[in-house]
Amino acid sequence: MERATRRGGGDAENAFSIEPDQDQHNGNGNGNDEKKAVGLAGDGADEAASVERVFEGKEVPPWQSQLTLRAFVVSFVLGVMFTFIVMKLNLTTGIIPSLNVSAGLLGFFFVKTWTKFLDKSGLLKQPFTRQENTVIQTCVVASSGIAFSGGFGSYLFGMSEHVASQSTDANDAQNIKNPALGWMIGFLFVVSFLGLFSVVPLRKIMIIDFKLIYPSGTATAYLINSFHTPQGAKLAKKQVRSLGKFFSFSFLWGFFQWFFTAGDSCGFVNFPTLGLKAYENRFYFDFSATYVGVGMICPYIINISLLVGAILSWGIMWPLINDRKGHWYSAELKSSSLHGLQGYRVFISIAMILGDGLYNFFKVLGHTLFGLYHQMRDKNSGVVLPYAGRSSPASPSLSFDDQRRTQLFLKDQIPTWFAVAGYVSIAIVSAIILPQIFHPLKWYHVAVIYVFAPALAFCNAYGCGLTDWSLASTYGKLAIFTIGAWAGASHGGVLAGLAACGVMMNIVSTASDLMQDFKTGYLTLASPRSMFVSQVIGTAMGCVISPCVFWLFYKAFPNLGVPGTTYPAPYAIVYRNMAILGVEGFSALPKNCLTLCYVFFIGAIVINAFRDAIGKERAKYIPLPMAMAIPFYIGGYFTIDMCIGSLILFIWEKKNKAKADAFGPAVASGLICGDGIWTLPSSILALAGVNPPICMKFLSRKTNAKVDAFLGS
């Protein structure tokens, strides 16, 4: 639920992330790419399939030359574009697909076009290399990733009065912090860099000694390597052309729809495609190009899980519970009250999220400990582990690719003293500044987080290398409950818990992201220094871009965060209620809600255990609890869009699988990017007071007769 890793970053499968649980299986948008990457560019590749033999005649530029001005200009432009996309997805349903393919593809296209023009003009001084492409990829993902880890759709917006007003508990002034551009930028700059320093000394152990695969980083490297071969460059041009066509279509479709949204419940988005009764229960196709594209990228099991969750909740459970109005909860309550039906929707979804997160936490922790045990046990006593400042002796048994990569990876060192000094310095500064931003969060709360954070960051980075899962949101939830309970309900525990969640999530998330980038750099011969600098610059960009983009949404759409509106920010209320549970217990739950929460909490664990027990082949037919939980609160309308996207891809694969594999991600990215970018002009129009001219509504026959009679009178 949180950036499937932000790095593109969903649970258990590739290429998606579910906000706010970044506990998910990261992907690169194409599972086939990952398989090819592991087989073709992975450790121990055969000489016959050597990637580096292809590039043997090309000189690897020094790390300073990999960091070009044009790379960061392109990264900034793409970072802004992808931040709008991620922010829109954060504030609508929280499902965020991997944008790594789009970042790599568009970065390649822009710089290649740039250099081609300069070459024809005789002004080209430095050719475009795969190392520079890797720098762009890293910078863009780091920049747009802040839109996810910054909590604009979860913990940070959950602090606001908009969200607090939806609850009758802990909505006093000491538990509220309304968004403001200044403190949001300051907060992100304080917490977003610590994770980068926490795992730098371990990069050689993780990448070279333990040879962790980091599937997302490996797949990204495979794509970048393929782009820079003659055949890959030709395919990339065709892919960009497809992306551009569907980008234009998606953007123009969003513009067309805008004309019909002059009032509440107006426009194509409210078309009752499956009938008025289904529409009342949030089942309809809302004509969103974004979620059709997301459905094309997400694995089939994700989309099916979402649909199963929507049917179970809005098709069965909520109508049944609604029939018990007056018995289980007061019939006088507003529909948005957490003591009524809304409480069941929110807290049962929380129970499933926590159950799934807890199971996967122990699962990945077990993988991590088991992997570490075997790595240490199998080590020869004479082999010295490489760490910062010490080289690893080259093994004659290594393939040409591995020897070449290891040599260059160890060439540019990042001193351990630099990483330690950076971590301690930023930790001291943030322990002073964070309590000034969030008064209930004390310096000793921050200090305790920073003492344990490096160990947790290592566990997350190591587990991500083995399984491609980032458990950042699980660690964030741990901080919510521990720091919130420590601060206490009467001392702003809800606000303290949400702020602590942000601190922990950013540290743990950026640590695994950086290690993924090191793996990508290792496989593309990009220097660790250039990877680190690119990540730092991208993070700094994101610390400014993301708050500014969120601020634009916040000012342009007054109903931001309100259920049933265009941007309901569903996970903001979910995270706030987690914090309330942490400090006040279960007193806020309506009748029988706690029992149902226990059932779904245990059910999520049992389903996950069953999936693991029956093996991968059969498990792909069992729904994922985390994905099932998402529509429990917000409805099933977006699942219809995503299932249609899956259906399109399924038919395409049946007709021409090779073409679907090659162009499917590009088409999906175009649909997502075009519709996402339309939010920029639509926000500007809203701020300028320019309103759509037409309201298109869909009424039942009886309602229409009443309206006609009223107008006729």
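Mentor: A residue is called buried if its relative accessible area is under 20%. Keep that in mind while we look around this predicted model.

Trainee: Okay, what makes Cys593 count as buried or exposed?

Mentor: Cys593 has 0% relative accessibility. The cut-off is under 20%, so Cys593 is buried. Cys673 also comes out at 0%, and is therefore buried.

Trainee: Why is Cys593 not bonded to Cys597?

Mentor: Their sulfurs are 4.0 Å apart, and a disulfide needs sulfur atoms within 2.5 Å. That is too far for a bond, even though Cys597 holds the closest cysteine sulfur.

Trainee: How do you know that Cys266 and Cys695 form a disulfide?

Mentor: Their sulfur atoms sit 1.8 Å apart, and the limit is 2.5 Å, so the pair passes. The structure holds one disulfide, and the link of Cys266 and Cys695 is left-handed, with -60° about the S-S bond.

Trainee: What does that link tie together?

Mentor: Cys266 is in the loop between α12 and α13, and Cys695 is in the loop between α28 and α29, so parts 429 residues apart in sequence are joined. As for accessibility, Cys266 has 3% and counts as buried, while Cys695 has 38% and counts as partly exposed, because partly exposed runs between 20% and 50%.

Trainee: Why is the pair of Phe157 and Tyr554 called edge-to-face?

Mentor: Their planes are 85° apart, and over 60 degrees counts as edge-to-face. The centres are 6.5 Å apart, which fits the rule of within 6.5 Å. Phe157 lies in helix α6 and Tyr554 in helix α22, so the pair ties together parts that are 397 residues apart in sequence.

Trainee: And what makes Phe550 and Tyr554 stacked?

Mentor: Here the angle is 25°, and stacked means under 30 degrees; the centres are 5.9 Å apart. Phe550 and Tyr554 are four residues apart in helix α22, about one helical turn. Both are buried.

Trainee: How do you know that Arg203 has no salt bridge?

Mentor: The nearest side chain of opposite charge, Asp412, is 9.5 Å away, and a salt bridge needs the atoms within 4 Å. Arg203 is buried all the same. A polar atom of its side chain does lie 2.7 Å from the backbone oxygen of Val200.

Trainee: What makes you say Arg53 lies over the face of Phe400?

Mentor: Arg53 is 3.8 Å from the ring centre, and the distance limit is 6 Å. Arg324 lies over the face of Trp328, at 5.7 Å, which is within that limit too.

Notes: Residues are numbered from 1 along each chain as its sequence is written. This is a predicted model: local features need pLDDT of at least 70, side-chain atom pairs count only at pLDDT 80 or more; totals for chains, interfaces and linings use all residues. Side-chain values use heavy atoms; hydrogens and water are left out. Rings of Phe, Tyr and Trp (its six-membered ring) pair if their centres lie within 6.5 Å; planes under 30 degrees apart count as stacked, over 60 as edge-to-face and the rest as tilted. Helices (H or I, at least four residues) and strands (E, at least two) are DSSP runs, numbered from the N terminus. Buried means under 20% relative accessible area, exposed over 50%, partly exposed in between (1.4 Å probe, protein chains only). A charge sits over a ring if NZ of Lys or CZ of Arg is within 6 Å of the ring centre and within 35 degrees of the ring normal. Lys and Arg count as positive and Asp and Glu as negative; His and the chain ends are not counted. A polar contact is a pair of N or O atoms within 3.5 Å; within protein, one must be able to donate a hydrogen and the other to accept it, and residues adjacent in sequence count only if both atoms are side-chain atoms.
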